[in-house]
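Here are my notes on the model you sent over. I've kept to the charged pairs and one of the ligand sites, point by point.

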Amino acid sequence: MKLVLLCSLAATAMATDLLLPLYQYPASTGGAWDPIKAALAANPSVTATIIINPNNGPGDANQGIDDPQYVAGTKALAALPNVRLIGYVHTSTDWGATRCNVPWSSITADIRKWSTWVDRGVPIGGIFIDEAPADTSNDCVNYMRNLTTFIRTDPALRFGGSNAFVVYNPGGTGPSLPAYYDLQPNLIVALETCFTVPERAGEDYDQCPRAGGYEPYDHAGPGRSIDDVLFPAAGAANAPRTAVLVHGFHDFNGAPANLSATPAVLDQLVAAVVQRRIGATFFNTAGYHTFEDGPASIGNFMGVLAAKNAA
Ligand SMILES: *[C@@H]1O[C@H](CO)[C@@H](O)[C@H](O)[C@H]1NC(C)=O
Ligand SMILES: *[C@@H]1O[C@H](CO)[C@@H](O)[C@H](O)[C@H]1NC(C)=O
């Protein structure tokens, strides 16, 4: 009995969670998110952290906590036992070119606005900080330390105090990632990239940069983006505090492995992530606004993740 309990605790501790960037509008009184809800309900063993992002932040009078669609959609997701919601903010005023230049008063005002969602019955349990730094320019380490402390200790905020879930998204590796792990966020998205080489219908579909220049995920073979790109910068020991987000899972990923986006390859790539003890992941055929297209629909992907966690 005791042995079984220990094993199941160990399995839980080593599982790879879902980190879902949900930037889609919850139309139809939240009904646009029904496929996501169904996938979460069908895979209760997968713990999910869902990033709510109405409009590059907590939204305004039209999209946000005053929008009944958002209220219905977020409450329905939060009602699932395996779901935690976190709110989106970003540190950059120029789409990521300069990190940590959003003034303290604006970024903390957005975070306070997320806390008003909690007052209105939507349990936001933390903050996703996008366009986060991975180097130390612009006093970024202090900026991120201050933000993390603010989210977890400001007495007016209602994200659970020291339990507030904090995720940094530098979106890639950088020379100073270890300095950010030292600030004790729950997760750092130190690899966010596209699988495909031939993008589909422009950036809006799969959010793969048109100009290219990104790391086509696992083009050297399953697990190689983590081994060759992520771990040298983040440290393999930080795997459980690291998230890997892969969008644009369609067509093929180029030389040398040139894998095709098939269900069998999805299986291999997700297995490689779980085997490396990555804390959270997300694979999607599209970008962050469409979740039903195969082969990596939310339902298929969550099924594979649950199976690999159990293996
Ligand atoms: C961080 O907070 C300290 C103490 O309040 C303050 O002196 C410092 O200017 C802040 N740094 C940044 C980059 O926000
Ligand atoms: C990869 O495979 C596709 C077909 O699946 C092919 O059209 C393409 O030329 C290949 N590219 C490389 C770099 O091997």
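**Notes on salt bridges and ligand 2**

1. Let's start with R112 and D154: these two form a salt bridge, with 3.2 Å between the closest N and O atoms. Keep in mind throughout that this is a predicted model.

2. Where do R112 and D154 sit? R112 belongs to helix α4 (residues 104–119), while D154 is in the loop between α5 (140–153) and β5 (165–169), so the pair ties together parts that are 42 residues apart in sequence.

3. The two partners of that bridge also differ in burial class. D154 is buried, at a relative accessible area of 18%, which puts it under the 20% cut-off. R112 is partly exposed, with a relative accessible area of 37%.

4. Next, D251 and R200. Their side chains meet in a salt bridge too, at 3.9 Å from N to O. The cut-off for a salt bridge is 4 Å, so I'd list this pair with its distance written beside it.

5. Which parts does the D251 and R200 pair tie together? Here both ends are in loops: D251 in the one between β7 (242–247) and α9 (263–275), R200 in the one between β6 (187–194) and α7 (203–206). The pair therefore links parts that are 51 residues apart in sequence. As for accessibility, D251 counts as partly exposed at 37%, and R200 counts as partly exposed at 34%.

6. R224 and D228 make a local bridge within one helix, α8 (residues 224–234). The closest N and O atoms of this salt bridge are 2.8 Å apart. How far apart are the two along the helix? They are four residues apart, so about one helical turn separates them. R224 is partly exposed, its relative accessible area being 37%, and D228 is partly exposed as well, at 41%.

7. For the overall tally, the structure holds eight salt bridges; among them are R112 with D154, D251 with R200 and R224 with D228.

8. Now ligand 2. Which residues are around it? They are F252, A255 and N258. The protein covers 40% of the 370 Å² of accessible area that ligand 2 has on its own.

9. One contact there is worth a look on your screen: a polar side-chain atom of N258 lies 2.3 Å from an oxygen atom of ligand 2. The cut-off for a polar contact is 3.5 Å, and the N258 pair falls within it. Do quote the distance, 2.3 Å, if you mention this contact in the text.

Notes:
Residues numbered from 1 in each chain as written. Chains lettered and ligands numbered in written order. Predicted model: local features only at pLDDT ≥ 70, side-chain atom pairs only at ≥ 80, totals over all residues. Heavy atoms only, no water. Near = heavy atom within 4 Å. Polar contact = N/O pair within 3.5 Å; in protein donor to acceptor, adjacent residues only side chain to side chain. Areas by Shrake-Rupley, 256 points an atom, 1.4 Å probe, with all protein chains shown as cover. Buried < 20%, exposed > 50% of the residue type's maximum accessible area, 1.4 Å probe, protein only.
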